[in-house]
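Q: Please take a close look at a single part of this model, namely the contacts that can be read there, and explain them in one connected account.

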Amino acid sequence: MRLLEKAPAKINLSLDVLHKRPDGFHEVKMIMTTIDLADRIELSERKDGQITILSHNRYVPDDNRNLAYQAAALLKERFNVKQGVSIGITKVIPVAAGLAGGSSDAAATLRGLNRLWKLGLTLDELAEIGAEIGSDVSFCVYGGTALATGRGEIVQHIPAPPHSWIVLAKPTIGVSTAEVYNNLDLSKVEHPDVEGMLAAIHENDYEKMIGLVGNVLESVTLRLYPEVAHIKEQMKKFGADAVLMSGSGPTVFGIIQYDSRMHRICNGLRGFCDQVFAVRILGERNSLD
Ligand SMILES: C[C@@](CO)(OP(=O)(O)O)[C@H](O)COP(=O)(O)OP(=O)(O)OC[C@H]1O[C@@H](n2ccc(N)nc2=O)[C@H](O)[C@@H]1O
Ligand SMILES: Nc1ncnc2c1ncn2[C@@H]1O[C@H](COP(=O)(O)OP(=O)(O)O)[C@@H](O)[C@H]1O
């Protein structure tokens, strides 16, 4: 048997870090939403009990460092599964980009293997297992839009943000999440208004939402990688309503209401940036909701 799962990317509309915890992780408060940019995960049964990964992407490990491999290994061990699985990953989401591509591949693998191996687990149970793989995996198990707290694994569902285009621009560099958290100086950051963003989303208020985007991790990544600041400036200049870095970066996203302006911004960015995408938020509400 063979089955397919989509693994969508996420962006962080608001990302605050409260403090560093004794376990080395940071306590976060962030609003995440899945977007229509997805990897494709193909799972095929193996009778020999092995787990294999094939991604045809030189930036993605094809062994037990792959988060999808780790998801399969964890389920196999925890539920004493005798079968194996071949995991084919078609990468569309840029790697090490702040878009949770690896986490989403792991989450899709958990959802898919739950079906393939007939484990009968709930999404809540899969999300709990996902937290053992990485902080963003729990959110990716559910997708949609959520307030994430703890180290990111406590997920509270909220409505989708107002109708808008998301334009993504990824500079050629990749960023290490651990490096960004390690260089964060919380005494020097401006904290975003996460509660205000929550209210804007609940009220489906586009103007309020674009005025409240914020990410404390920008303070680190923009300093370490000036090209990210350059892309932010260009996206603003081309007319995006709001511009922010996603996660630990380096991907920058713009929020735009009108199609015509979205096209203008994409064309402008493509002049100097290889990876530019225009996508919708998954499960978005239309402006009349
Ligand atoms: C910054 C965010 C925002 O959504 O996303 P990305 O930029 O990775 O997409 C996340 O917090 C990233 O989550 P994730 O990428 O799953 O992180 P993990 O694998 O759990 O941890 C990688 C490393 O980041 C640091 N880390 C991660 C999460 C957290 N709350 N505090 C931390 O200090 C730790 O140093 C950890 O060793
Ligand atoms: N399935 C996967 N897809 C992409 N990267 C993966 C995967 N599994 C493990 N990795 C590793 O995880 C690192 C972070 O990748 P990714 O999840 O794309 O970034 P981010 O955490 O910034 O959203 C990569 O450098 C890569 O080596």
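A: A polar contact is taken here as a pair of N or O atoms within 3.5 Å. The model is predicted, and by that cut-off serine 135 can be read at once, since a polar side-chain atom of serine 135 lies 2.6 Å from an oxygen atom of ligand 1. Histidine 26 makes a similar approach, with an N or O atom of its side chain 2.7 Å from an oxygen atom of ligand 1, and for lysine 10 the corresponding distance, again to an oxygen atom of the ligand, is 3.0 Å. There are 23 residues around ligand 1, and those that come nearest are His26, Ser135, Thr177, Tyr181 and Ser248.

The domain assignment places these residues in a wider setting, for it divides the chain into domain 1 (2-158) and domain 2 (165-280). The contact between them takes 27 residues from domain 1 and 36 residues from domain 2, while the centres of the two domains, taken over C-alpha atoms, are 23 Å apart. The size of an interface is often expressed as the accessible area that is lost when the parts come together. Here domain 1 and domain 2 bury about 2,400 Å² between them, with 68% of that area on carbon and sulfur atoms.

Polar links also cross this boundary: eleven residue pairs are in polar contact between domain 1 and domain 2. On the side of domain 1 that touches domain 2, β1 (2-20) and β2 (26-46) each supply at least two residues, and the largest share, eleven residues, comes from β1. The residues of that side divide into 17 nonpolar, five polar and five charged.

Charge pairing can be followed in the same way, because side chains of opposite charge can pair when their charged atoms come close. The rule finds one salt bridge across the interface of domain 1 and domain 2, whereas the structure as a whole holds 17 salt bridges. Glutamate 195 and lysine 29 meet through their side chains in a salt bridge, at 2.5 Å from N to O. Another of these pairs joins glutamate 42 to arginine 2, with the closest N and O atoms 2.7 Å apart. This second pair links distant parts of the chain, as glutamate 42 belongs to strand β2 and arginine 2 to strand β1, 40 residues apart.

Note on methods:
Residues numbered from 1 in each chain as written. Chains lettered and ligands numbered in written order. Predicted model: local features only at pLDDT ≥ 70, side-chain atom pairs only at ≥ 80, totals over all residues. Heavy atoms only, no water. Domains from an automatic or database assignment. Contact = heavy atoms within 4.5 Å. Buried area = accessible area lost by both parts, 1.4 Å probe. Salt bridge = Lys/Arg side-chain N within 4 Å of Asp/Glu carboxyl O. Polar contact = N/O pair within 3.5 Å; in protein donor to acceptor, adjacent residues only side chain to side chain. Helix = DSSP H or I, 4+ residues; strand = E, 2+ residues; numbered from the N terminus. Nonpolar A, V, L, I, M, F, W, Y, C, P; charged D, E, K, R; others polar. Near = heavy atom within 4 Å.
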